[in-house]
Amino acid sequence: MKKKILLSAFCTFISMSVVFAQDINGHWTGKLMDQYDINYDFKANGDTLTGKDRHYDGTISDISNGKIIADSISFDVPIQGELTHVTGKLSDNGLTIYFKAQGYDLSADLKKVVIN
């Protein structure tokens with residue numbers, strides 16, 4: 001009985017990981033402090049996350065060290081010349097990211113956008 005419960009829980013966890021990994025693919029946009037546009041293009045491959053960060057000044061950077069665990073993501077991206085670690089949490093409402101820049105703890109809510 002315990003084996004069936006553990007197997008069921010494991011299968012549910014794996015299924016959720018695959019569903020969330022698929023949901024992260026695409027273009028995400030939001031605002032930081034209601035002032036700065038934030039844009040990411042994410043691509044999931046298993047538990048690995050890759051993509052691009054489009055900065056407000058028009059430059060584009062690759063994200064690195066991207067990981068996906070269930071409904072959570074993490075990656076590194078250069079922000080104002082410093083490699084910054086970003087974490088995020090997917091929900092039904094979108095993606096909330098968290099990071100630290102210039103000594104401030106920051107967060108932003110992102111929405112997935114279809115680009116034509």
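**Exercise 1. Find which residues serine 74 is in contact with, leaving aside its neighbours within four places in sequence.**

Solution. Step one: set those close neighbours aside, and serine 74 is in contact with Leu49, Asn65, Gly66, Lys67, His85, Val86 and Thr87. Keep in mind that you're looking at a predicted model.

Step two: place the residue. Serine 74 sits in strand β6.

Step three: decide whether serine 74 is buried or exposed. Its relative accessibility is 15%, and buried means under 20%, so serine 74 counts as buried.

**Exercise 2. Work out what kind of aromatic pair tyrosine 40 and phenylalanine 75 make.**

Solution. Start with the count: the structure holds three aromatic pairs. Now take the rings of tyrosine 40 and phenylalanine 75, whose centres are 5.4 Å apart. Rings pair if their centres lie within 6.5 Å, so that test is passed. Next, look at the planes: they stand at 70°, and over 60 degrees counts as edge-to-face. So the pair is edge-to-face.

Then ask which parts of the chain the pair ties together. Tyrosine 40 is in strand β2 and phenylalanine 75 in strand β6, so the link joins parts 35 residues apart in sequence.

Last, check the burial. Tyrosine 40 has a relative accessible area of 3%, which makes it buried. Phenylalanine 75 is buried too, at 0%. These two also belong to one aromatic cluster, made up of Tyr40, Phe42 and Phe75.

**Exercise 3. Take the salt bridges of arginine 54 and lysine 52, and describe the partner, the N to O distance and the strands for each.**

Solution. Some background first: side chains of opposite charge can pair when their charged atoms come close. The count here comes to five salt bridges.

- Arginine 54: its side chain meets that of aspartate 41, at 2.6 Å from N to O. Arginine 54 lies in strand β3 and aspartate 41 in strand β2, so this pair ties together parts 13 residues apart in sequence. As for exposure, arginine 54 is partly exposed at 35% relative accessibility, whereas aspartate 41 is buried at 17%.
- Lysine 52: its partner is aspartate 62, with the closest N and O atoms 2.4 Å apart. Aspartate 62 is in strand β4 (residues 60–62) and lysine 52 in strand β3, so to speak two distant parts of the chain, 10 residues apart. Aspartate 62 is partly exposed, with a relative accessible area of 48%, and lysine 52 is partly exposed at 36%.

One more for practice: lysine 100 and aspartate 105 form a salt bridge at 3.6 Å, N to O. Is aspartate 105 buried or exposed? With a relative accessible area of 64%, aspartate 105 is exposed.

**Exercise 4. Describe the largest pocket: its volume, its lining and where that lining comes from.**

Solution. Begin with size: the volume is about 470 Å³. Then the lining: 20 residues make it up, with Leu32, Tyr36, Tyr56, Ile79 and Gln80 lying nearest the centre.

Now sort the lining by type. You get 12 nonpolar residues, four polar and four charged.

Finally, trace the lining back to the strands. At least two residues each come from β2 (36–45), β3 (48–54), β6 (72–79), β8 (94–101) and β9 (104–113). Which strand gives the largest share? That's β2, with five residues.

Note on methods
Residues are numbered from 1 along each chain as its sequence is written. This is a predicted model: local features need pLDDT of at least 70, side-chain atom pairs count only at pLDDT 80 or more; totals for chains, interfaces and linings use all residues. Side-chain values use heavy atoms; hydrogens and water are left out. On a 1 Å grid over the protein atoms alone, a cavity is a set of points where a 1.4 Å probe fits but cannot get out, and a pocket is an open set with protein on both sides within 12 Å along at least five of seven lines; lining residues have an atom within 4 Å of a point. Grid points are joined across faces, edges and corners, and a volume is the space filled by probe spheres set on the points. Helices (H or I, at least four residues) and strands (E, at least two) are DSSP runs, numbered from the N terminus. Ala, Val, Leu, Ile, Met, Phe, Trp, Tyr, Cys and Pro count as nonpolar, Asp, Glu, Lys and Arg as charged, and the others, Gly among them, as polar. Rings of Phe, Tyr and Trp (its six-membered ring) pair if their centres lie within 6.5 Å; planes under 30 degrees apart count as stacked, over 60 as edge-to-face and the rest as tilted. Buried means under 20% relative accessible area, exposed over 50%, partly exposed in between (1.4 Å probe, protein chains only). A salt bridge is a side-chain nitrogen of Lys or Arg within 4 Å of a carboxyl oxygen of Asp or Glu. Contact means heavy atoms within 4.5 Å.
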